[in-house]
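Colleague: I have a model open and would like to go through it with you. Shall we start with its pockets and then turn to the sheet?

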Amino acid sequence: MNQYLSAVKDVLENGTTKSDRTGTGTISLFGLQQRYNLAETFPAVTTKKLAWSSVVSELLWFIEGSGDEKRLREILHGSAESDKTTIWTANATAPYWQPRAKYPGDLGRVYGVQWRHWRTPIEHKEEQFKDDFGNSYRRAGYVHFQEVDQLKSLIDGIRADPHGRRHILTAWNPGELELMALPPCHCFAQFYVSADGRLSCQMYQRSCDMFLGVPFNIASYSLLTAMIAQVCGLEAGEFVHVLGDAHIYLNHVEQVNEQLTREPLPAPTLWLNPDITDITKFTMSDIRLDNYTSHGAIKAEMAV
């Protein structure tokens with residue numbers, strides 16, 4: 001994870017202080033890229049503890065196509081009625097979102113909903129027709145929505161045409177941003193199969209919380225890449241992370257400096273249940289991080 005630590009240091013040393021939506025303030029740098037080789041080890045941060053169960057449960061929740069925070073709670077804690085929180089609890093209960101939520105726990109049309117239930121409008125134009133008795137009628141035009149399962153289409157596409165250049169997964173839907181508790185930060189991913197049968201993913205992230213969010217995002221998309229590789233009969237290649245607004249919140253600077261004093265520990269390896277060949281069939285018990293050791297957790301408040 002030296003690439004990640006170098007990026008954090010770059011933002012800290014070369015970024016500029018800016019205001020932000022949350023009112024917290026950031027040190028921000030625009031436009032970075034890191035590459036993580038997934039062939040041998042897994043890029044889990046070791047200079048602080050990674051919330052691995054939260055990474056896995058959120059990704060499984062995305063894959064389900066859910067936008068219900070209570071369902072995420074069920075995957076992570078075993079009960080939708082658990083009084084324990086998830087990384088989405090603060091967004092689900094945020095004052096700006098509550099008036100728009102349709103039910104307790106509703107997060108709207110966030111990541112997984114866009115991945116599995118993208119809505120495409122189908123227009124039916126006005127038309128005239130005659131019945132069997134020669135009477136003329138006019139049918140008004142109307143629009144209905146047809147769902148697109150992007151994740152299924154992505155996997156089908158990789159299997160059918162591995163060297164195609166259209167293996168895309170997007171969560172950025174301009175027409176539905178107001179229907180989301182949080183517009184997507186990691187918003188666009190392209191998948192690529194090399195000549196030797198390795199699947200890589202390049203993800204563009206528009207907004208990058210370097211201390212809390214980015215280690216989580218690296219682990220999540222690396223895991224997704226490995227899962228898709230397995231169900232497509234490929235090996236995992238690289239995760240390429242493109243960062244737009246890379247920032248450190250001003251109330252995280254002390255924690256970042258503490259993290260940068262720590263030496264990285266050996267990287268862990270990822271185990272996936274080899275019997276799983278359907279992306280929707282993975283469960284928490286089918287995914288494991290082996291030989292993971294880390295320095296202790298460093299707590300910091302999430303800006304909402």
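Modeller: Gladly. Keep in mind that this is a predicted model.

Colleague: What volume does the second largest pocket have, and which element gives the largest share of its lining?
Modeller: The volume of the second largest pocket is about 300 Å³. Its lining draws two or more residues from each of α7 (213–231), β10 (235–249) and β11 (269–272). The largest share is four residues, and the element that gives it is α7.

Colleague: How many residues line that second largest pocket, and which lie nearest its centre?
Modeller: By class, the lining has nine nonpolar, four polar and three charged residues. The lining counts 16 residues in total. Nearest the centre lie L38, A226, E235, A236 and L270.

Colleague: Now the sheet. In what order do its strands lie, and which stand at the edges?
Modeller: Strands of a sheet pair through backbone hydrogen bonds, either parallel or antiparallel. Here six strands form an open sheet of mixed pairing, in the order β1-β2-β10-β9-β8-β7. Each edge strand has a single partner, so one side of it is left without a neighbour in the sheet. Those edge strands are β1 (16–18) and β7 (168–170).

Colleague: What is the average twist from one strand to the next?
Modeller: Follow the order β1-β2-β10-β9-β8-β7 across the sheet. From one strand to the next, the twist averages 20°.

Colleague: Start from L169. Which residue is its bridge partner in β8, and which residue in β10 is reached by going on from there?
Modeller: β7 and β8 (186–193) run antiparallel and share three bridges. There, L169 has A189 as its bridge partner. β8 and β9 (198–209) are antiparallel too, with seven bridges, and A189 is partnered by M203 in β9. β9 and β10 are parallel over ten bridges, and opposite M203 in β10 stands H241.

Colleague: Which residue in the hairpin of β8 and β9 takes a positive phi?
Modeller: The hairpin has four residues between the strands. The phi in question is near 80°, and the residue that takes it is G197.

Colleague: What lies across β1, β2 and β10, and at what angle does it run to β2?
Modeller: The element is a helix, made of residues 2–14. It is α1, and its angle to β2 (26–37) is about 160°.

Colleague: How many cavities of 30 Å³ or more are found, and which element gives the largest share of the lining of the largest cavity?
Modeller: The search of the whole structure finds one. The largest cavity has a volume of about 30 Å³. Two or more lining residues come from each of β7 and β8. The largest share, four residues, is from β8.

Colleague: Which residues line the largest cavity, and how many of them are charged?
Modeller: The lining is W115, L169, T170, A171, H186, C187, F188, A189 and Y221. L169 and A189 are also bridge partners. By class, seven lining residues are nonpolar and two are polar, and the number charged is none.

Colleague: Last topic, aromatic rings. How are Y36 and F239 arranged, and how many residues apart are they?
Modeller: A pair of aromatic rings is described by the distance of the centres and the angle of the planes. The structure holds eight aromatic pairs. Y36 and F239 are 6.3 Å apart centre to centre, with 15° between the planes, so under the 30 degrees limit they count as stacked. Y36 sits in β2 and F239 in β10, and along the chain they are 203 residues apart.

Note on methods. Residues are numbered from 1 along each chain as its sequence is written. This is a predicted model: local features need pLDDT of at least 70, side-chain atom pairs count only at pLDDT 80 or more; totals for chains, interfaces and linings use all residues. Side-chain values use heavy atoms; hydrogens and water are left out. On a 1 Å grid over the protein atoms alone, a cavity is a set of points where a 1.4 Å probe fits but cannot get out, and a pocket is an open set with protein on both sides within 12 Å along at least five of seven lines; lining residues have an atom within 4 Å of a point. Grid points are joined across faces, edges and corners, and a volume is the space filled by probe spheres set on the points. Ala, Val, Leu, Ile, Met, Phe, Trp, Tyr, Cys and Pro count as nonpolar, Asp, Glu, Lys and Arg as charged, and the others, Gly among them, as polar. Two strands pair if DSSP finds at least two bridges between them. Axes are lines fitted to C-alpha atoms, for helices over the stretch in contact, and angles run from 0 to 180 degrees between N-to-C directions. Contact means heavy atoms within 4.5 Å. Rings of Phe, Tyr and Trp (its six-membered ring) pair if their centres lie within 6.5 Å; planes under 30 degrees apart count as stacked, over 60 as edge-to-face and the rest as tilted.
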